[in-house]
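Please open the model in your viewer and keep the sequence panel beside it. The tour below goes from stop to stop, saying what to select and what is to be found there.

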Amino acid sequence: MELDKMDENDWKYHGEGNKSLVVSHLSRVLRLLKYPTEDSENPPQQTVEQAFRQIQNIVDFSSNVMSSLLGEKFVHSGEVVKLPLEFVRQLSIKVQHQRPCDKVMDIYSGCALCLPNLTYPVLYQPTHTPPLCVEIKPKCGFLPSSKHVSKDIKTKVCRFCMHQLCKQVANAKWKRRSLYCPLDLFSRNRQRMHFAIRQLIEEPQNNFKIFKQGGQCIYSSKEGSDDSLDLNSLLHHLRPYFLHGNNRINSHMSSKAVLNDFIQVSQGLPSDSVLFRILQTQMLDTQDIEGLYPLYRRVGQHLHDFPKETHLQIDGLYDEAFLEKLQKCPAEDDGSVEYAAAKVHQYRIAMTAKDCSIMVALVPSNEEEDDDELVSILDLDPKPFDSIPCQLRLDQKIVSFYLRNGSALPKGALQPLPAIFSAPEREDCTLLFHPV
């Protein structure tokens, strides 16, 4: 990428998260910082060096911490680049009409994170059929067993399923609730994994997307949306990838056969590597947020008493020594601030793994590559230290809401969608129906 020849017209708006905006051009994406609109008149006085350090922390966390835990071949850490300011300003103007109005793009530092465009796999050759890319956000795949858990329901119904029900009740959308449960996807039970992918297709929400070459999203739905999903359009895109299957009818595969083959491929994520590694990293949350919060308070008090303290590495550096400290953390609390900081860091890493996404590139059956080369893990930014109190309040809110409303829904309120697949009616986390 030649930084001195950047043309904003080559780049297109790709999407954005809570703290960054993403644009793409061919095999590259740029992530640029953003800040709340209330700061637009007087943007944060962050120097170029501070912006650079903020993005470098993301790179270091990904390359030195998450890559070690999840596997180097699945993680793309990227690099910090310094863009021409005029390019950044013109780019901001170009994409403004496509963006939500909640936050303003950073046009002052010129710093950005350059990453590979995972919807444009480097393995793709122009003479081949362009790949499809499937993005899955699996969420948390285990139930807490910490002694600090105060509500027994948390050991029986997973957080995702509780949260789904709470959103449904709050939005009065009785007719549409996802039957996807992360415990199914992480179960390593073929039938349960198959069911999980089916449910993601039926009700994608923010957890399932399919992209064409170059980043065009061809299948997804927004959480809480009443927009109908265009299954026929999805089948049209999928059919060329499965023409060499065994379920052809008069040289054409039935719609059911296309979807079943697609599900088999999607659930074929290397369980012993990708899903297993993600789950193991999520399980670094050994305390649950209820047991973690007092440790957070211990660290906070220490930082208040010693504001220039850096050896706890709360805001980095995320180097190899950082990971070593976490791996050497004692099993029992010795009352030290070092123990508390290590547990806080483990929790933050676990939260990153709970919020990550998996990207799988699909190529036609006669153009298959090494499976590992076609699977990537993304969204691996470090979670803020000061977000822990918010996490505790959210956990308490969800559990309390579920206990009040979980058994008081109108009869028949949780009927599954009648469209793509038939599925058993279920009112609670699938773990209650499938022993682990």
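A residue is called buried when its relative accessible area is under 20%, exposed when it is over 50%, and partly exposed in between, with a 1.4 Å probe and protein chains only. By that rule Asp-379, with a relative accessible area of 38%, is partly exposed. This is a predicted model, in which local features need pLDDT of at least 70 and side-chain atom pairs count only at pLDDT 80 or more, while totals for chains, interfaces and linings use all residues. Residues are numbered from 1 along each chain as its sequence is written, and side-chain values use heavy atoms, with hydrogens and water left out.

**The whole chain**

Begin with the protein chain in a cartoon view, where there are twelve helices and 13 strands; helices (H or I, at least four residues) and strands (E, at least two) are DSSP runs, numbered from the N terminus. Of the 436 residues in the chain, 51% are buried. Switch to a surface view and the accessible surface, computed by the Shrake-Rupley method with a 1.4 Å probe, comes to about 21700 Å², with 49% of it belonging to carbon and sulfur atoms. If a contact means heavy atoms within 4.5 Å, then among contacts between residues at least 6 apart in sequence, 71% join residues at least 24 apart.

**Helix α1**

Select residues 48-70, which make up helix α1. The expected span of a helix is 1.5 Å times one less than its number of residues, so the 23 residues of α1 should span 33 Å, and the 31 Å between its end C-alpha atoms agrees with this. Now centre the view on Ser-62, where α1 has a kink of about 35°; the bend at a residue is the angle between axes fitted to the seven residues ending there and the seven starting there. Just after the helix comes Gly-71, whose phi is positive, near 110°.

**Aromatic rings**

Next, show the side chains of Phe, Tyr and Trp. A pair of aromatic rings is described by the distance of the centres and the angle of the planes. Rings (for Trp, the six-membered one) pair if their centres lie within 6.5 Å, and planes under 30 degrees apart count as stacked, over 60 as edge-to-face and the rest as tilted. The count by this rule is seven aromatic pairs. One of them joins Phe-208 and Phe-262, whose ring centres are 6.3 Å apart and whose planes meet at 80°, so the pair is edge-to-face. Because Phe-208 lies in strand β8 (residues 208-211) and Phe-262 in helix α7 (residues 255-266), the pair ties together parts that are 54 residues apart in sequence. Both Phe-208 and Phe-262 are buried.

A further pair is formed by Tyr-293 and Tyr-296, and this one is stacked, at 5.7 Å centre to centre and 25° between the planes. Both tyrosines lie in helix α9 (residues 288-305), three residues apart, which is about one turn of the helix. Tyr-293 is partly exposed at 22% relative accessibility, whereas Tyr-296, at 13%, is buried. Finish this stop by selecting Phe-61, Tyr-318 and Phe-322, which form one aromatic cluster.

**Backbone details in the loops**

Where does Leu-317 lie? Leu-317 is in the loop between α9 and α10 (320-327), and the peptide bond leading to it from Gly-316 is cis, with omega near 0°. Then move to Lys-139, in the loop between β7 (132-136) and α3; its phi is near 70°, a positive value in a residue other than glycine, and at 23% relative accessibility Lys-139 is partly exposed.

Asp-379 is found in the loop between β13 (375-378) and α12 (388-405), and its phi is positive as well, about 65°, although it is not a glycine. Add Gly-17 to the selection: the two residues are 362 residues apart in sequence and 9.4 Å apart in space, C-alpha to C-alpha. Gly-17 belongs to the loop between β1 (12-16) and β2 (20-25), and with a relative accessible area of 39% it is partly exposed.

**Last stops**

Select Ala-170, in helix α3 (residues 159-171), which is exposed at 57% relative accessibility. The C-alpha atoms of Ala-170 and Phe-401 are separated by 9.5 Å, with their positions 231 residues apart along the chain.

Finally, look at the cysteines. Cys-166 is buried at 9% relative accessibility, while Cys-217 is partly exposed at 35%. With a disulfide taken as a pair of cysteine sulfur atoms within 2.5 Å, the structure holds zero disulfides.
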